Amino acid sequence: MKRLGLFSALFGLTILFLAACQGPDRAEAQDGHGHPHEDHEALEGVTKAVCVIRGTAGNEKVQGVVTFTQEGQKLKVVADLEGLTPGQHGFHIHEWGDLRSADGTSLGGHYNPQGHPHGAPGEAKSHAGDFGNVTAGDDGKAHLELELTDVTLTGKSAILGRGMVVHAGTDDLKSQPTGDAGGRVGVGVIGVAKPE
Ligand code: CU
Ligand code: ZN
């Protein structure tokens, strides 16, 4: 009898434990609001990301690499692009890391978690994804370095997994909601960088 009692007690505890563990997780997985708790935490320690840019249909010469390094609250961005027409090209983080469309429209609008108007990088009230312009030389190459404090790789305004777009034209830094930068010539997805 004593052994049976112990067995029952253990069995009961096991059921309680499983219920406690699985209940909240299952609820979270089904809430449909894009907050998978465990995955979010697994990405917390990521400090380096990379976005490989490739040309959209008809702009196959466009290519480049954008690297992101999180140093505390500062996010350092270094972009090297080539195959562009000489001059200024609007450059932004867009909402979706979705490259399924040939023309880049599947990346959606500018990444804007705070609901701000379009503007210039570093402005108190501009889209978090507003990087302004890159300037290509006569050789079609452009280099840009930025330090941002309104977005981070992970956490509340996370950019990991979102997209980047290089535009055909110049971002005027004021027209709403896109800066009137024209079509999308280069696109990429911001991913976790392989440690060096
Ligand atoms: Cu854009
Ligand atoms: Zn914008």
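**View 1. Burial of H92 at the copper site of a predicted model**. H92 has a relative accessibility of 0% and therefore counts as buried, the cut-off being under 20%. In this predicted model, H92 contributes its ND1 atom to the coordination of the copper ion (ligand 1). H167, which offers NE2 to the copper ion (ligand 1), is buried as well, with a relative accessible area of 3%.

**View 2. Coordination of the copper ion (ligand 1) by H92, H94 and H167**. The ion is held through ND1 of H92 and through NE2 of both H94 and H167, at 1.9 to 2.0 Å, and along the chain these donors are spaced as H-x1-H-x72-H. Because H92 belongs to strand β4 (residues 87-94) whereas H167 belongs to strand β7 (residues 163-167), the pair ties together parts of the chain that are 75 residues apart in sequence.

**View 3. Geometry of the zinc ion (ligand 2)**. The protein donors are the ND1 atoms of H110, H118 and H127 together with a carboxylate oxygen label, OD, of D130, lying 1.9 to 2.1 Å from the zinc ion (ligand 2). The four donor atoms subtend angles of 99 to 119 degrees at the ion, so the arrangement is tetrahedral, for which all angles must lie between 85 and 135 degrees. For four tetrahedral donors the ideal angle at a metal is 109.5 degrees.

**View 4. Sequence spacing and burial of zinc donors**. Along the chain, the donors of the zinc ion (ligand 2) follow the pattern H-x7-H-x8-H-x2-D. Among them, H127 counts as buried at 5% relative accessibility, and D130 likewise counts as buried at 1%.

Notes
Residues are numbered from 1 along each chain as its sequence is written. Chains are lettered from A and ligands numbered from 1 in the order in which they are written. This is a predicted model: local features need pLDDT of at least 70, side-chain atom pairs count only at pLDDT 80 or more; totals for chains, interfaces and linings use all residues. Side-chain values use heavy atoms; hydrogens and water are left out. Donors are N, O and S atoms within 2.8 Å of the metal (3.2 Å for Na, K and Ca); water is not among the atoms, so sites may look incomplete. Helices (H or I, at least four residues) and strands (E, at least two) are DSSP runs, numbered from the N terminus. Buried means under 20% relative accessible area, exposed over 50%, partly exposed in between (1.4 Å probe, protein chains only). Four donors count as tetrahedral if all angles lie between 85 and 135 degrees; four count as square planar and six as octahedral if opposite donors are over 155 degrees apart and all others between 65 and 115; anything else is irregular.
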